[in-house]
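Q: Could you walk me through the features of this model one at a time, giving the general idea before the particular case?

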Amino acid sequence: MSEPIIRIEHLSRSFGTVKAIDDLSLEVPAGIVFGFLGPNGAGKSTTIHLLLGLLEPTQGQASVLGFDTRTQAEAIRVHSGALLEFAGLYDRMSAQDNLDLYGRIYRMPASARQARIKELLIHLGLWERRRDLVSTWSRGMKQKLAVARALFHHPPLVFLDEPTAGFDPVAAAALRDDLASLVAREGVTVFLNTHDLTEAEKLCAQVAVIRQGKLLAVGAPDELRGRLGGSHAEIVGDGFTEQMLTTLREQPEVIHAELLNNHLLIELRSESKISPLVSLLVHAGTSVEEVRRGKASLEEVFLTLMEEESK
Amino acid sequence: MSDLLTMMWKESKDLLFQRGWKAWILPVFLVGILGVFLPLQAGLQWLELSPIAIFAILWIPFFVIISFIGDAIAGERERHTLETLLASRISDRAILLGKVIVTVGYAWGMALVSLVLGLVLVNLFHGHGNWTFYHPFDLFLEVLVLNLLCCTLGASAGVLISLQSATVRQAQQILGVGTLVLIFAGVLALQALPADFISSLSYSQAMFLFIAVVAVLDVILLGLSLVSFKRSRLIMS
């Protein structure tokens, strides 16, 4: 297995008495979109600031692209791109000047800058408005431009801090599609902070869940669903009774069962089989017409983790 | 050096050339006063660089500094563009010096344009056939240097104030009041000096002394600005 592109070991960061990051250890493999999930105030943005060397950790250490965040922060910033919490575009400059600025900052030659501006703006459908001041653009267009800016100098690693936060579902989906196609085309590793679980599910090969600075879980979305979320079954039929429901709830493989308009919804422990439960129902006199199985969504996994942590 | 040039390119684009016609209101107004109105009112006396003329030449570029340096520092923070810049590879020093150089260059350049314009207009409308330059010439050079140093002083103080201000408006208000305080402090300091010491100085020597004081203040404030303008501190704020 190749070296992880980000390695975090027992990282902590406090602001006064508040522990924003608490003993975080994590490895991010190269070449994937890595989702960093957590509610507001979980410490996601602080983690990006620490990984970019913008903040010093209180304890622990981290390396990004093989560079130490404490002593080689400049090298990390040379080889990575970032879209932080705000788009950070210069409204009084045109789109092409905004990109050109970052090309100059990363010391790209003029011809390479011009070619890259054209390539990215055409890909994102923004080329026609390249000379307009960014202040005249919609929020979605600005955010696309900010993503293009983060990828402009061909970095092997990009940090994106909630790129679709505050967008309506249509705009968020469009930006997500653009992001996915750009990331696939550029072949970069993406460290994606988000609290949008649909986004994480669609884009990320691996996710980590964080709350109050503590890592709660890490793995591929499927793995987390299997490990933490169990699975679901929906049984459609007639003749369900309260007594039957009570019997079902007593079964060891059942986490939860409820009846909703002749639909019996059962939450199962992971890897549990549904057939013994269906037999039980049939023997009790139920007429079963349809059985559907499904895995827990990432949202359910996330909520389970949050609930467990609160307890 | 390349980073510094990049920042200067960005600052000149962002601050000076991309605001459309509105960007020209302030410079046209100030050059109108310093390069047209005052010289035509004073006539040939304008070229003799009286204390009042020198005060006007030093004072007016301060307006420009107050207007622009707050926007360049506190404004970037208010618009959340500074954070992205800090997340890039560009050095803190290049960011700061790029802003200071462009702002100072703009204000000083405006003073130079006004001096040239005043010279031409006075000679055209009040000249007696001979072309008269600012005189004495060494005083003229001292005024140019002092003007540059005063602009740098305003910019450095502006950086320090902007770093402590939450908004551009707050930075500009504090800078406006600070400028008045600075002038009154200067007058009081002058009054505190022994009268025989002041009377023993020539006009040119007094200017030289003034230049030395402002140069020392420049070094101190610019040094403090460089120390204060640090990534970790800016991200925290």
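**Pockets, interface and backbone**

A: The second largest pocket has a volume of about 670 Å³, where a pocket is an open set of points on a 1 Å grid over the protein atoms alone, at which a 1.4 Å probe fits, with protein on both sides within 12 Å along at least five of seven lines, and a volume is the space filled by probe spheres set on the points, which are joined across faces, edges and corners. This is a predicted model, in which local features need pLDDT of at least 70 and side-chain atom pairs count only at pLDDT 80 or more, while totals for chains, interfaces and linings use all residues. Residues are numbered from 1 along each chain as its sequence is written, chains are lettered from A and ligands numbered from 1 in the order in which they are written, and side-chain values use heavy atoms, with hydrogens and water left out.

Q: Which residues lie nearest the centre of the second largest pocket, and which elements line it?

A: Lining residues have an atom within 4 Å of a point. Here there are 29 of them, and A:Ser45, A:Glu85, A:Phe86, A:Asp161 and B:Glu83 lie nearest the centre. Two or more residues come from each of helix 1 (44-51) and helix 5 (139-151) of chain A and helix 10 (231-236) of chain B, helices being DSSP runs of H or I with at least four residues and strands runs of E with at least two, numbered from the N terminus. Helix 1 of chain A gives the most, with four residues.

Q: How do the linings of the two pockets divide by class?

A: Ala, Val, Leu, Ile, Met, Phe, Trp, Tyr, Cys and Pro count as nonpolar, Asp, Glu, Lys and Arg as charged, and the others, Gly among them, as polar. The lining of the second largest pocket divides into 10 nonpolar, 10 polar and nine charged residues, whereas that of the largest pocket, with a volume of about 1100 Å³, has 25 nonpolar, two polar and no charged residues. Of the 27 residues lining the largest pocket, B:Leu58, B:Gly186, B:Val187, B:Leu190 and B:Phe210 lie nearest its centre.

Q: What area do chain A and chain B bury between them?

A: The size of an interface is often given as the accessible area lost when the parts come together. Chain A and chain B bury about 2700 Å², 61% of it on carbon and sulfur atoms, the area being that accessible to a 1.4 Å probe and summed over both parts. In chain A, the residues that lose the most are A:Tyr90, A:Arg92 and A:Ile105, together 26% of what that side buries. The contact (heavy atoms within 4.5 Å) takes 29 residues from chain A and 27 residues from chain B.

Q: How many salt bridges cross the interface of chain A and chain B?

A: A salt bridge requires a side-chain nitrogen of Lys or Arg within 4 Å of a carboxyl oxygen of Asp or Glu. The rule finds three across this interface and 28 over all chains. One pair is B:Lys13 with A:Asp97 (3.1 Å, N to O), and this pair runs from helix 1 (residues 2-17) of chain B to helix 3 of chain A.

Q: Where are the backbone features, namely the cis peptide bond and the positive phi?

A: The cis peptide bond joins B:His135 and B:Pro136, with omega about -5°, and B:Pro136 is in the loop between helix 5 (92-126) and helix 6 of chain B. A:Glu162, although not a glycine, has a positive phi of about 45°, and A:Glu162 lies in the loop between strand 7 (157-161) and helix 6 (169-186) of chain A.

Note on methods:
Buried area is the accessible area (1.4 Å probe) that two parts lose on being put together, summed over both.
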